[in-house]
Amino acid sequence: EIIPFKVAPMQLTEGLKAPSGNPLVEGILATAEVKNGNGRYYPREIWEREMDKYNQVIEENRATGELDHPDSTIISLKNVSHIVREIWWDGDKVIGKLEILPTISGNILKALIENNVQVGVSSRGMGSLKEINEGTLEVQDDFELLCWDFVSTPSNPGSYMQLVKEG
């Protein structure tokens with residue numbers, strides 16, 4: 001699913017940085033219990049289960065994502081732009097803190113953000129869908145989250161990423 005991330009109109013150098021010195025951004029990664037722009041509806045129980053599993057990936061320092069959104073179920077290391085450092089609930093929203101990495105794709109992402117280009121975020125996963133009413137597809141229990149990718153075309157307007165600020 002694709003959700004736009006928006007960074008406040010300032011340079012990344014003004015934001016709080018990760019211990020590595022890389023920029024950090026934070027925002028909504030997903031929303032449960034609402035129909036998104038792609039017509040998909042994620043029950044909260046599915047996101048709770050997938051967040052529990054994904055927290056293990058975060059702890060193992062493997063929670064990477066790509067710039068752009070491939071159809072593959074494999075995360076291509078040559079295209080990695082960021083790593084998810086933390087996720088948590090805020091109401092029905094999954095919030096995340098992401099570190100932009102100094103890779104080729106990460107440098108492109110950083111340049112876009114520094115120049116106030118609005119980019120989206122999209123969960124990449126596998127699973128089946130069931131039509132629950134006209135135009136609404138419910139994500140089924142076999143869904144498995146792979147990662148979150150940065151993308152150009154968001155499907156869920158209103159969810160924005162901000163630089164992590166000190167204080």
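Helices (H or I, at least four residues) and strands (E, at least two) are DSSP runs, numbered from the N terminus. The model is predicted, so to speak of local features a pLDDT of at least 70 is needed, side-chain atom pairs count only at pLDDT 80 or more, and totals for chains, interfaces and linings use all residues. Residues are numbered from 1 along each chain as its sequence is written, and side-chain values use heavy atoms, with hydrogens and water left out.

**Exercise 1.** Find where Asn116 and Asn61 sit, and describe their backbone.

*Solution.* Start with Asn116: look in the loop between helix H2 (104-114) and strand S7 (119-126). Its phi is positive, about 60°, although Asn116 is not a glycine. Next, go to the loop between H1 and strand S4 (64-66), where you will find Asn61. Asn61 is not a glycine either, yet has a positive phi of about 60°. For background, most residues other than glycine have a negative phi.

Now check accessibility. Buried means under 20% relative accessible area, exposed over 50%, and partly exposed in between (1.4 Å probe, protein chains only). Asn116 has a relative accessible area of 45%, so this residue is partly exposed. Asn61 is at 46%, and therefore counts as partly exposed.

**Exercise 2.** Classify the pair of Trp47 and Phe143, and place both residues in the chain.

*Solution.* First, recall the rule: rings of Phe, Tyr and Trp (its six-membered ring) pair if their centres lie within 6.5 Å; planes under 30 degrees apart count as stacked, over 60 as edge-to-face and the rest as tilted. The structure holds 5 aromatic pairs. In one of them, Trp47 and Phe143 are 5.8 Å apart centre to centre with 75° between the planes, an edge-to-face pair. This pair links distant parts of the chain, 96 residues apart: Trp47 is in helix H1 (residues 44-59), and Phe143 is in the loop between strand S9 (136-139) and strand S10 (144-151). Trp47 has a relative accessible area of 1%, so this residue is buried. Phe143 is at 5%, and so counts as buried.

**Exercise 3.** Now pair Trp47 with Trp148, and name the cluster they belong to.

*Solution.* Between Trp47 and Trp148, the centres are 6.0 Å apart and the planes make 20°, so the pair is stacked by the cut-off of under 30 degrees. Here helix H1, with Trp47, is linked to strand S10, with Trp148, across 101 residues. Both tryptophans, Trp47 and Trp148, are buried. Finally, one aromatic cluster is formed by Tyr42, Trp47, Tyr54, Phe143 and Trp148.
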